[in-house]
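I am opening this notebook to record what I look up in the structure, strand by strand and then ring by ring and space by space.

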Amino acid sequence: MASQLKVDTLTGVTTAGSIVVTGEGNSTTTSLQQGLAKCWINFTGITTTAARDSFNVSSLTDGGTGVTTVNINNDMANANYSGYYFTNANTGTSAGEFNNQHAGGFGSFATGSCQAVAYTDSAVVDSYQNLLGTFGDLA
């Protein structure tokens, strides 16, 4: 018989913010908090830099062609966190206009922000579809 647990808050017994989940095979454990994205955003960098949807992001700062600073609402504990940034092959103004291959990388990390840079093999470029997230400890 399947069970269902409904709660509004999970709190660790030993440490309130520390919950360990038993992994596959029952031989390892994973810290639940370390595996959660601390912020994420889907944004456009064409014409106007704007968020489509986000979590724990207070604003975006357009740093010029292809450069966007993502301002984190609740700061990270330090600037040594990890993350991802993907940008698609698109410099058009809608999701169906794919016309250039882009790559994405982080320009800088700070506790309250990170910088996303979209580029081709020869230049920094604006891009329509940008996906970014961070992982690590919150302050």
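**Entry 1: the sheet with β7 and β10**

I began with S82, whose bridge partner in β10 is F135. The model in which I looked this up is a predicted one, and I keep that in mind for every entry. S82 and F135 belong to a longer ladder, since six bridges join β7 to strand β10 (residues 130–135) and the two run antiparallel. I then asked in what order the strands of this open sheet follow one another. I found four strands in the order β4-β3-β10-β7, with antiparallel pairing. At the edges I noted β4 (50–55) and β7 (82–87), each of which pairs on one side only. When I looked up the turn between neighbouring strands of this sheet, the average came to 10 degrees, with direction ignored.

I also checked A50, whose place is in strand β4. Its relative accessible area is 28%, so A50 is entered as partly exposed. From A50 to Y84 I noted a separation of 34 residues in sequence and of 19 Å in space, C-alpha to C-alpha.

**Entry 2: the sheet with β5, β6, β9 and β8**

I turned next to an open sheet of four strands in the order β5-β6-β9-β8, again with antiparallel pairing. Which strands stand at its edges? They are β5 and β8, and each has a single partner strand, so one side of each is left without a neighbour in the sheet. The twist that I noted for this sheet averages 25 degrees from one strand to the next.

I went through the pairings one by one. Strand β5 (residues 57–62) is joined to β6 by five bridges, and the two run antiparallel. Within this pairing I recorded T61 with its bridge partner T69 in β6, and L60 standing opposite V70 in β6. β5 and β6 form a hairpin with four residues between them, and in the turn I noted that G64 has a positive phi of about 105 degrees.

On to β9, which five bridges join to β6 in an antiparallel run; here V67 stands opposite V117 in β9. Between β8 and β9 I found seven bridges, also antiparallel, and a hairpin that connects the two strands through two residues. In this pairing F109 stands opposite C114 in β9. Is β9 mostly covered or mostly exposed? I found it mostly covered, with five of its seven residues buried.

**Entry 3: aromatic rings**

I searched the whole structure for aromatic pairs and obtained four. The pair I followed up is that of Y81 and F109, whose ring centres are 5.0 Å apart and whose planes stand at 85 degrees, so I entered it as edge-to-face. Y81 lies in the loop between β6 and β7, whereas F109 lies in strand β8 (residues 103–110), so the pair ties together parts that are 28 residues apart in sequence. I then looked up how far each of these two residues is covered. Y81 has 8% relative accessibility and therefore counts as buried, while F109, with a relative accessible area of 33%, is partly exposed. Ring pairs also bring in F106, so that Y81, F106 and F109 are linked into a cluster.

**Entry 4: the cavity**

How many cavities of 30 Å³ or more does the count give? I obtained one, and the space in the largest cavity is about 70 Å³. It is lined by 15 residues, of which G45, G66, V67, T68 and S127 are the closest to its centre. I noted that β6 (67–72) and β9 (113–119) are the elements that give two or more residues to this lining. Sorted by kind, the lining residues of the largest cavity divide into six nonpolar, seven polar and two charged.

**Entry 5: the largest pocket**

My last look was at the largest pocket, in which about 190 Å³ of space lies. I wrote down its lining as L10, I19, L32, Q33, L36, A37, K38, F55 and L138. Sorted in the same manner, the lining of the largest pocket gives seven nonpolar residues, one polar and one charged.

Note on methods: Residues are numbered from 1 along each chain as its sequence is written. This is a predicted model: local features need pLDDT of at least 70, side-chain atom pairs count only at pLDDT 80 or more; totals for chains, interfaces and linings use all residues. Side-chain values use heavy atoms; hydrogens and water are left out. On a 1 Å grid over the protein atoms alone, a cavity is a set of points where a 1.4 Å probe fits but cannot get out, and a pocket is an open set with protein on both sides within 12 Å along at least five of seven lines; lining residues have an atom within 4 Å of a point. Grid points are joined across faces, edges and corners, and a volume is the space filled by probe spheres set on the points. Ala, Val, Leu, Ile, Met, Phe, Trp, Tyr, Cys and Pro count as nonpolar, Asp, Glu, Lys and Arg as charged, and the others, Gly among them, as polar. Two strands pair if DSSP finds at least two bridges between them. Axes are lines fitted to C-alpha atoms, for helices over the stretch in contact, and angles run from 0 to 180 degrees between N-to-C directions. Rings of Phe, Tyr and Trp (its six-membered ring) pair if their centres lie within 6.5 Å; planes under 30 degrees apart count as stacked, over 60 as edge-to-face and the rest as tilted. Buried means under 20% relative accessible area, exposed over 50%, partly exposed in between (1.4 Å probe, protein chains only).
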